[in-house]
Amino acid sequence: MIKRREFLKYVGLGGAGVLGSGWLLEKVLSDSDVQSLNAVSLTKPAVESWVTSICQQCPGGCGIKVRLVDRRPVKIDGSPLYPINRGTLCPAGHSGLQVLYNPDRLTSPLRRVGTRGENKWEPISWDEALLLVQKKLSELREKHLSHELVFMDGDSRGLMSTLIRRFMEAYGSPNHLRTNLNAHSAVSLMQGGSGEIAYDLSNANYVLSFGFDFLEAEGSPIWLARMYGQLRQRANRTRARIVQVDTRYSITAAKADKWVPVNPGTEGAFALGIAYVIVQEELYDKEFIAKNTFGFNDWTDTKGVKHAGFTTLVMREYYPEAVSRITGVPIEDIIRVARGFGQERPSIALSGKGATSYSNGFWNEAAIHALNALVGNVGKPGGVVPQPEPPFTPQADIIHDEISKKGLSRRKISEAGLYTNEFPAQVLFLYHINPVFEFSNTKKIIDVIQKIPFIVSFSSFVDETSEYADVILPDHTYLEKWQDDTEVPGIGFPHVGIRKPVVDPLHNTRHTGDVLIRLAHALGGTVSTSFGHSDFLSLMKHSFRKMYESGSGSVVSEEFEESMMIYLEKRGWKVERAASFDEFWGQLVEKGGWVAAPRYPTSLPDMFQTSSGKFEFYLHSLKEKSQNKDDQLLLPHYEPPEFIGFENDYPLYFKIYDTNTLFGGTGANQEMLLEMVGHRFYQRWDSWVEINPETAADLGINHDELVSIESSSGRIEARAKLFPGAMPDVISMPVGLGHTSYGRFAKNRGVNPNEIIAEKFDSVSKTAVKFSTRVRVHKV
Amino acid sequence: MARWGMVVDLDMCTGCGACIAACKEENNVAYVSPEEAEKGRAISWMQMVNFVEGEFPNVHIKYMPRPCMHCDNPPCIKVCPVHATFKDEEGIVGQIYERCIGCRYCMSACPYTVKYFNWFEPEWTESTIASMNPDVSLRKKGVVEKCTFCHHRLQKARDKARAKGMEVVDGDYTTACADTCPTQAISFGDLDDPNSNTARLSKSKRAFRMLEDLGTEPKVFYLSEGEKNV
Amino acid sequence: MFDATDYEDFPLIEPIENTGKAFYRTVVVLVAVIVFALFMYVRQLRIGLGVTGLNEPVAWGFYIVNFVFFIGISHAGTLISAILRLSKAEWRRPITRMAEVITAIVLAIGGLHPILDLGRPDRMMNIFQSGRLQSPLLWDVTSITAYFTASTVYLYLPLIPDIAILRDRGTKPKWLYEFLSWNWKGTEYQKKVLERAISILMVMVIPIAISVHTVISYIFSMTLQPGWHSTIFGPYFVVGAIFSGIAALLIVMIAFRKVFHLEGYLKEIHFSYLSILLLIMSLLWFYFTFSEYLTGYFGHEPYEMKVFWYKFAGEYAPYFWTMIFCNFLFPLIILSNKRTRKIPGILAASCGVVVGMWLERLIIVVPSLTNPRLPYPQGVYIPSLTEWSLFAGALSVFVLGFVLFAKFFPVISIWEVREGRERAVREVTERIESYLPTPHGAKSG
Ligand SMILES: Nc1nc2c(c(=O)[nH]1)N[C@H]1C(S)=C(S)[C@@H](COP(=O)(O)OP(=O)(O)OC[C@H]3O[C@@H](n4cnc5c(=O)[nH]c(N)nc54)[C@H](O)[C@@H]3O)O[C@H]1N2
Ligand SMILES: Nc1nc2c(c(=O)[nH]1)N[C@H]1C(S)=C(S)[C@@H](COP(=O)(O)OP(=O)(O)OC[C@H]3O[C@@H](n4cnc5c(=O)[nH]c(N)nc54)[C@H](O)[C@@H]3O)O[C@H]1N2
Ligand code: SF4
Ligand code: SF4
Ligand code: SF4
Ligand code: SF4
Ligand code: SF4
Ligand SMILES: [Mo]
């Protein structure tokens, strides 16, 4: 029998027990690791420092400053000094440390031990690896097959690009294939020169963009976003108008004043329809046309043959009714846009991959660029301006031996060559490129790659293509290396960014530039003597001397506003602040870059390096290339785009687009970017396909349901997003997911649309185009 | 004393999401597995909210970056049983992770759905643990977290100001999201300071707040997009 | 020690003295379920609330639903018993004990639910250390604690004379009855004290009970969320609580009547009376539901309407309409018809109401959260195995609690029944006579 008193005691004990177990629970529940991490970071006084460098998560070329705590990088922010981004960053810029610290980085050179694609490797030493590669290269040269070294290069510019080109030339191969270019081939024929242009958006009043997704994925995304900000809210200026011609309600379309959905590939016709109204209503810049263009009106050549001019062609064929029929754009819209474009100058027409990634892409671009000439907006503020290069000290000439001379005389292979079975590569170098993932019709690419006897990858990660490599010579990540960053697309003023190691390399990796120099030296002979520098850093220092000596431009700094510098320079001032090159170099490295004022051409003929010395509506140079061309085929005109897959079988157009998170696919190994990949579609970590709600209803597809997308090249499955911003017969999908390799985060997440993109090439420039595939969609 | 607030100019915002990323990096916000994210357990102090109107081709979508509104009259703190979420004297609505009992009442009460719960012990991968911001404490399983207006930056600014014997004023501190915004669409500052750009913008004719009629008095303002006409 | 008079109510004592195999079997099954639930809970403690189906924005689910539900059921007891006692309803005598037991057990279960729901139960003490009085959650803690204390005492006090009977019979375990009987001798003084205590408690317990569910409704209505922010939530919740409580009481009564063969104690008339009460509550419940949604609909506030349609025609429509059927149509049809207002019918209707009221709690908690005001995608809530296990565990605790109680104590108050037999007829007659109008309107003397 228990006494009440005792009972109370037990109650007391029980209570204590409850409290005690609470304490125990606390112990069980709390994670000591996390606590200790907090404790460490909070108790020890940490040393904080900032290092500037240049981002390389995309080709945008933004300046960054990395925060180090006890020399450990902990955060990336935008460098406030750097003129491209002025202290700001995009999502990928922020996730850079997830590249540096990525758990799937390669920590040493690897030699393949499994079969190709099996992803089995053994670590080897650098000496061993380099010897292996050098032997292959020597063999090839001995066999006089130097041209069968193919260097695929996805991200080089500035000195790295020069270095690779030099290596290939000295070695004796013309096959340096670069993909990282949204090449303006039509522009280069119309204006002459390389076609490298920039759009001076911040000063424009009317921006007409044809598939130029400048708020998501064009050129330098932050630069363009900043320009957009200025178009919107700028002091003492009217709010510029933006019209986005796009087959999808892209973010650019959403932020534009008007979205014009057009039938895919008919942008050229739309542009010519606008030209019609502008000519008809005489809204064009008569002075500019008369002085600076060729082929606007009918003309007679030296032989007395009469040729039709641009106006004649436009007035004959591109009247609004006809254009409306082709493009699907209502007549009122054509007229309204044309009037706006003609009147609200400076107005500027932009062409992006959306307009050019078709078989008729060259001509679409030509038609669009013709609009810039119509309103006389070339070579002026608020218009199309040249993209100048910074002054670099040239290197000594390349010395060619017989082998390299012979090799270089061989015909350069094209991207189209990749899809034929006689792709003539014995040795393939892969630098910042992943064709098995990024190129159309990935299955065919694998077939071709499989057959190449020796493949070397410089990637920092095992990506899809590197799985087929024989040797991987891992590069530093961009946070561990020296590199210059120039020629950022579309910037419009000369600039050099200094990418420098913010930490010592974490692993046993090497700068690809250094590796190439070492290989060249090891190959001996003229190949070796073409390389006077022992490593990439000394090459950089050498090249920058001219920048210092020229006295133009200035190291980026707090004190100088861009506009101030431009003002000074225009008046002949030299913003010189360093007493010696070493001092200049020191400043450059510390501040992270150099800029100079934009160079508007002093006279327009300077800008037009064509045979007529003028802006050419009539493409002389194309005539020279292919003799017997009809006049109207040498003027900007509309050719119907070709599609793969018959309409009956494949009723929908299939569009893909780059996002500002995954950047084609490189971002897919970073948690941050995967988690926010579809932040505007509430989608994380997975692919999706945008379908118009009515189209979906016809197909019986619900939101977020899995659908199958089938083209003549293959079939993929993705989650449907019913999106009122999708055109009824166009479905769109982001690129970048669907990796089968590339580390734990990227692998098996989402799908890769490239698997079903049929290969297709531009009819004139022969570059690969991506938007020509038709598909059918159904519920799975 | 400052009353910190934020203005987001939707006319300038390009919906790029840099603010989302900057916030995650700055504040040591954990990543959850893709499977968990699919279930709606991802944590994103700043999030993009889409307002869709109309049908093809007359569709309009408004994208609004959404941090915590730091309401002056916050429904979330009224319901917390343990004072684990509170409004400080400068108007910032904060969380005390070490005190929160994880009842998620504040989550249910926030009309803006800005509070996030740690459904599991956060698992830090090598790539994320190495880049932790030492200024921001890590959250553990079972507690609620949300945007703090980068409170740790305020603390630093306060320390600096105090060393000089001054108070923190507009411009002394800004948030990670405002810092990084490419178009400078986000402006952060003292809403009570007549010289503050943020305060000026918050009184602009274009200014509005989310769910204004609830009377929560958010300190995050939005400036409407410009007239669209072509 | 054998007292022959006890033969009179032997059916009430028999289950205590002769434990059958069925008892052990039931206990084993229930304990098994409870142990499994405990295991799942410990797992939840270790891993985190991620093992539930909760997410952002559906931050609350089964645990909170069951919390509201169980606390609602608890109103069966003490409140009903107090009202019946207070109104001197004589037919209450065989019912009150069961009602009170329900309260005590279910309140304990319900009260634990918010703890199951906590992300950091280890920090529970923070509520006392840094409690914030403005939080409805704190009001809850207070009122539930008060209610629990009051109702356990209220259960215990009328139990003392019965315990004494068992003690006097020498029923085992002797020490238990010895200890709990508090030296009850049945003296006049003791009786007077007991009666005083009971009547004080029964007056006290009514406002406490009402406050409990009002305060629970405040958890929701004090927020601004669509579907929650409503002024009638207080009475609405109280009515719902009593409603579900009566239904639960009826089920328990029918069960014990069957299992313990108590037909002699619980007569058709008890069921008839209670079921009419149930019917009235059903109508009241419908009235509240109707006004709640009608005002919502007429306000036509967009966010409100999102939740409204989600319930009426959206994903929650099946639950919503089942609830309307279970709580209104079904009891109305069965209980308003004399032919079906028999024990099987009443049982069916009561079960329906219990299910319906559970659904009501679900429909209140979840849809408001799945439809946030800002245009996020609609939330999805699918309860996980853990949540179902804990639900099953809670139900098992309830049944086990009852089974154990019945194993040790009479489920019908013996002394009150006896008292009824001895005094009720006379007292009631006197009482009725006292308020019957006198002939010719003469003033009574
Ligand atoms: N369907 C479709 N296909 C396309 C396009 C498209 O729009 N749609 N766009 C085309 C265009 S324009 C382009 S530019 C290409 C882009 O395609 P690619 O040039 O193939 O570019 P990424 O996919 O970014 O691949 C770069 C690879 O570089 C490696 N890498 C990452 N970091 C480093 C490093 O620090 N050093 C080195 N050496 N390597 C590194 C990674 O393994 C990564 O796989 O895709 C083309 N393909
Ligand atoms: N953020 C970010 N920036 C990048 C890159 C990146 O991956 N991410 N990559 C860089 C590289 S290498 C390149 S080449 C450029 C590429 O940049 P973009 O040229 O912008 O390439 P895409 O995103 O493929 O397509 C552009 C737009 O065309 C639209 N479009 C598709 N089909 C059609 C059509 O038939 N008609 C019209 N009018 N529009 C159409 C798409 O919807 C999309 O909005 O961006 C560079 N900058
Ligand atoms: S735009 Fe490109 S370069 Fe600039 S921060 Fe983003 S990823 Fe880096
Ligand atoms: S960073 Fe700026 S522009 Fe980008 S989404 Fe955020 S607010 Fe908008
Ligand atoms: S937005 Fe939500 S969490 Fe933030 S202060 Fe307001 S109610 Fe609280
Ligand atoms: S979850 Fe934490 S902060 Fe939120 S109400 Fe509960 S205790 Fe307070
Ligand atoms: S203010 Fe700071 S915490 Fe809040 S969203 Fe911006 S970056 Fe994140
Ligand atoms: Mo590209």
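In the predicted model, the side chains of E759(A) and K444(A) meet in a salt bridge, with a distance of 2.5 Å from N to O. Between domain 2 of chain A and domain 4 of chain A, the count of salt bridges is 1, while 8 residue pairs are in polar contact across this interface, both residues of each pair being at pLDDT 80 or more. The side of domain 2 of chain A that touches domain 4 of chain A is made up, by class, of 4 nonpolar, 1 polar and 6 charged residues.

The division of chain A places these two parts among four domains: domain 1 comprises residues 1-46, domain 2 is assembled from 115-179, 392-430, 443-472 and 512-595, domain 3 from 197-386 and 615-634, and domain 4 spans 652-779. The C-alpha centres of domain 2 of chain A and domain 4 of chain A are separated by 33 Å, and the contact between them draws 11 residues from domain 2 of chain A and 11 residues from domain 4 of chain A. The area buried between domain 2 of chain A and domain 4 of chain A amounts to about 920 Å², with carbon and sulfur atoms contributing 49% of this value.

The interface between the two chains was examined in the same terms. Here, 73 residues of chain B are in contact with 75 residues of chain A, and about 5,800 Å² is buried between chain B and chain A, 55% of it on carbon and sulfur atoms. Between chain B and chain A, 9 salt bridges are counted; one of the salt bridges in the model joins the side chains of E48(A) and K156(B), for which the distance from N to O is 3.5 Å. In addition, 23 residue pairs are found in polar contact across the interface of chain B and chain A, with both residues at pLDDT 80 or more.

On the side of chain B that touches chain A, the elements giving two or more residues are the helices α1 (18-26), α2 (34-38), α5 (126-129), α6 (151-163) and α7 (176-180), together with the strands β2 (47-53) and β3 (60-66), each belonging to chain B. Of the contributions to this side of chain B, that of α1(B) is the most, at 7 residues. Classified by residue type, the side of chain B that touches chain A holds 34 nonpolar, 19 polar and 20 charged residues.

Technical notes
Residues numbered from 1 in each chain as written. Chains lettered and ligands numbered in written order. Predicted model: local features only at pLDDT ≥ 70, side-chain atom pairs only at ≥ 80, totals over all residues. Heavy atoms only, no water. Contact = heavy atoms within 4.5 Å. Buried area = accessible area lost by both parts, 1.4 Å probe. Salt bridge = Lys/Arg side-chain N within 4 Å of Asp/Glu carboxyl O. Polar contact = N/O pair within 3.5 Å; in protein donor to acceptor, adjacent residues only side chain to side chain. Helix = DSSP H or I, 4+ residues; strand = E, 2+ residues; numbered from the N terminus. Nonpolar A, V, L, I, M, F, W, Y, C, P; charged D, E, K, R; others polar. Domains from an automatic or database assignment.
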